[in-house]
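Grab a coffee and open the viewer. Below are some short exercises, each with a worked solution to check yourself against.

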Amino acid sequence: MIWLAAAFALASAATTALSTSTQHLATGRAPDGTGLVVLMRFLVRRPEWLLALMLGPVGFTFHVLALHHGPIALVQPLAIMGIVFAVPIRAALARTWPSPTELGAVVVTAAALSVLLLASDARSVEQAPPMFTLLLAVGAAACGAVAALALAGAAGHATARAFLLGCASGVLFGLMAVLIEASQLYLDEHGPLGLATTWLPYALVAAGLSGVSVNQLAYRQARLSASMPVLNVVNVLLTLGFAYVVFREVPDHSLGSVAASAGAIAALCWGLWTLARIEDDLPDVAVAHDDVLGGRHLG
């Protein structure tokens, strides 16, 4: 049922909004120059990061349920609504009203997502794609993530590193959604034992763990606006590409529909970047988070 898929996708986005805000708060407190091992050791000692970690399985469950009830071309764009939900969450924590710029960016982002979903007109499928085709597509995308990581390692500027790490995270999180969808379709056809004998569940775990780790590094490199928008855009574009080419969820469209989709993606980029930039410029949010997590009353 499409409406149920949309409801679960929005629930996943709302859970992710709270989780992501808390993760960014915790990683921002890590010592400068922290590598991945030291960073993760620091984070597991932070109660706020552990809270975000506990929210992760909840959001993931909602995401899996959404993909079970609807096509990935519908679910994945809705899943990035977390940045939109972060606006009222942040305003509630800081006990302020969202600014006109925030509200404008929320309206543009939501409208862009609506146009993108209407233009794609995705349909659910009942049959898993050919395993060899899926393997080639996943392998090509994984190579793209590795290339982005290599470029990030060679980049001399923190913002450039964060941008490239955001690209890699977007690919990995997109692959995680793709592999969830493929695993569910394969499970329906061949059962749990048949799924366990394929590479799908193991690649899914690898993509998820890698995405979380790379995303933590991106948060640590630079401001949120350097990595978050490109992460979400790459995520959506990758999953839409798989929906078109591999899963065959999206039917052929006219030139007008393609143009509308392109315009919606451009508007989506602007909205996501604007919301991330605004969050960068609101230091009071961290104070509000501290008060909430510390059990102190604001006022």
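**Exercise 1. Find the helix that holds Gly153, and decide whether Gly153 is buried or exposed.**

Step 1: Gly153 sits in helix α7; helices here are DSSP runs of H or I with at least four residues, strands are runs of E with at least two, and both are numbered from the N terminus.

Step 2: Gly153 has a relative accessible area of 65%, so it is exposed. The cut-offs are under 20% for buried, over 50% for exposed and partly exposed in between, with a 1.4 Å probe and protein chains only.

Step 3: Twelve residues along the chain from Gly153 is Leu165, and their C-alpha atoms are 9.1 Å apart.

Before you go on, some housekeeping: this is a predicted model, where local features need pLDDT of at least 70, side-chain atom pairs count only at pLDDT 80 or more, and totals for chains, interfaces and linings use all residues. Residues are numbered from 1 along each chain as its sequence is written, and side-chain values use heavy atoms, with hydrogens and water left out.

**Exercise 2. Work out how α7 packs on α8.**

Step 1: Helix α7 covers residues 131-154 and helix α8 covers residues 158-196; their axes come within 8 Å and cross at roughly 160°. Axes are lines fitted to C-alpha atoms, for helices over the stretch in contact, and angles run from 0 to 180 degrees between N-to-C directions.

Step 2: That angle makes α7 roughly antiparallel to α8. The classes are roughly parallel under 35 degrees, roughly antiparallel over 145, roughly perpendicular from 65 to 115, and oblique for the rest.

Step 3: The crossing of α7 past α8 is left-handed, a term used if the near helix is turned anticlockwise from the far one by less than a right angle (clockwise would be right-handed).

Step 4: Now pick out the contacts (heavy atoms within 4.5 Å). On the α7 side they include Leu134, Val138, Ala141 and Ala145, and among their partners in α8 are Leu164, Ala168, Val171 and Leu175.

**Exercise 3. Do the same for α4 and α6.**

Step 1: Helix α4 (residues 72-79) and helix α6 (residues 100-120) pack at about 175°, with axes 10 Å apart.

Step 2: So α4 is roughly antiparallel to α6.

Step 3: Ala73, Leu74, Pro77 and Leu78 of α4 make the contact with Leu113, Leu117 and Ser120 of α6.

Step 4: Take Ser114, which is also in α6. Ser114 is partly exposed, at 38% relative accessible area. Its C-alpha atom is 9.0 Å from that of Leu78, 36 residues away along the chain.

**Exercise 4. Check the length of α3, then look at His63.**

Step 1: Helix α3 runs over residues 47-69, and its 23 residues should span 33 Å at 1.5 Å a residue. The expected span is 1.5 Å times one less than the number of residues.

Step 2: The end C-alpha atoms of α3 are 34 Å apart, which agrees.

Step 3: The buried residues of α3 include Trp49, Ala52, Leu55, Gly59 and His63. An α-helix has 3.6 residues a turn, so residues three or four places apart point the same way.

Step 4: His63 is buried at 9% relative accessible area. Not counting residues up to four places away in sequence, His63 touches Ser12, Val75, Gln76, Ala79 and Ala177.

**Exercise 5. Repeat the length check on α9 and place Asn215.**

Step 1: The 22 residues of α9 should span 32 Å; the ends are 31 Å apart by C-alpha atoms, which agrees.

Step 2: Asn215 is in helix α9 (residues 200-221) and is buried, with 7% relative accessibility.

Step 3: Leaving aside neighbours within four places in sequence, Asn215 contacts Ser169, Phe173 and Leu231.

**Exercise 6. Zoom out: how many helices and strands are there, and what share of residues is buried?**

Step 1: Count twelve helices and zero strands.

Step 2: Of the 299 residues, 49% are buried.

Step 3: Among contacts with a separation of 6 or more, 83% come from residues 24 or more positions apart.
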